[in-house]
Amino acid sequence: PKGGPHDWEACVYAHTYRDWRRTPMLGYSSRPCPHWSLSVAEGAKHPNYGERCPRGMGCQFAHGSKEQLYHPNFYKTSPCSEFQCRP
């Protein structure tokens with residue numbers, strides 16, 4: 001990790017719960033967690049991880065968009081559909 005102030009957007013480390021992503025080796029599904037989704041819908045600004053889902057790190061569902069987007073079931077499993085995109 002970098003020491004001191006730096007650009008959060010460019011940093012490869014998690015700074016908030018929105019950046020945090022569990023390793024898929026834990027075996028969670030790509031389906032969204034109902035507890036996590038409900039806490040987001042209710043608009044809680046800065047709850048800790050355990051307040052978002054009572055199952056915490058052991059939950060069988062994806063916590064947030066990053067865990068869904070980067071889940072092995074979806075991440076880079078389809079070719080890009082943009083015409084000008086070339087490998």
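Contact here means heavy atoms within 4.5 Å. The structure described below is a predicted model. The protein has 87 residues, and 22% of them count as buried. Three helices and zero strands make up its regular elements, in the order α-α-α along the sequence.

**Overall picture**

- The accessible surface of the protein is about 7,000 Å². Carbon and sulfur atoms hold 56% of that surface.
- Among contacts in the protein with a separation of 6 or more, 59% are between residues 24 or more positions apart.

**The salt bridge**

- One salt bridge turns up in a search of the whole structure.
- The side chains of R22 and E67 form this salt bridge, at 2.7 Å from N to O.
- The pair ties together distant parts of the chain, with R22 in the segment before α1 (34–41) and E67 in helix α3 (residues 64–69). R22 and E67 are 45 residues apart.
- R22 and E67 are both buried.

**E67 in helix α3**

- E67 belongs to helix α3.
- The relative accessibility of E67 is 0%, so E67 counts as buried. The cut-off for buried is under 20% relative accessible area.
- With neighbours within four places in sequence left aside, E67 is in contact with R21, R22, Y28, Y49, F61 and A62. R22, its salt-bridge partner, is thus one of the residues that E67 contacts.

**Q68 in helix α3**

- Q68 is also found in helix α3.
- Q68 has a relative accessible area of 28%, and therefore counts as partly exposed. Partly exposed covers the range between the buried cut-off of under 20% and the exposed cut-off of over 50%.
- Outside its neighbours within four places in sequence, Q68 is in contact with S30, R31, P32, A62 and F74. A62 appears in this list and is in contact with E67 as well.
- From C-alpha to C-alpha, Q68 and Y28 are 9.9 Å apart in space, while in sequence they are 40 residues apart. Y28 is one of the contacts of E67.

**The segment after α3**

- Y75 is placed in the segment after α3.
- Y75 counts as partly exposed because its relative accessibility is 41%.
- Apart from neighbours within four places in sequence, Y75 is in contact with L69 and Y70.
- K76 also lies in the segment after α3.
- K76 has a relative accessibility of 70%, so K76 counts as exposed.
- The phi of K76 is near 55°, which is a positive value in a residue other than glycine. Most residues other than glycine have a negative phi.

**The largest pocket**

- The largest pocket holds about 330 Å³ of space.
- Its lining consists of 13 residues. V12, Y13, A14, D19 and K66 are the lining residues that lie nearest the centre of the pocket.
- By class, seven residues of the lining are nonpolar, two are polar and four are charged.

How values were computed: Residues are numbered from 1 along each chain as its sequence is written. This is a predicted model: local features need pLDDT of at least 70, side-chain atom pairs count only at pLDDT 80 or more; totals for chains, interfaces and linings use all residues. Side-chain values use heavy atoms; hydrogens and water are left out. On a 1 Å grid over the protein atoms alone, a cavity is a set of points where a 1.4 Å probe fits but cannot get out, and a pocket is an open set with protein on both sides within 12 Å along at least five of seven lines; lining residues have an atom within 4 Å of a point. Grid points are joined across faces, edges and corners, and a volume is the space filled by probe spheres set on the points. Ala, Val, Leu, Ile, Met, Phe, Trp, Tyr, Cys and Pro count as nonpolar, Asp, Glu, Lys and Arg as charged, and the others, Gly among them, as polar. A salt bridge is a side-chain nitrogen of Lys or Arg within 4 Å of a carboxyl oxygen of Asp or Glu. Helices (H or I, at least four residues) and strands (E, at least two) are DSSP runs, numbered from the N terminus. Buried means under 20% relative accessible area, exposed over 50%, partly exposed in between (1.4 Å probe, protein chains only). Accessible areas come from the Shrake-Rupley method with a 1.4 Å probe; for residues, only the protein chains shown count as cover.
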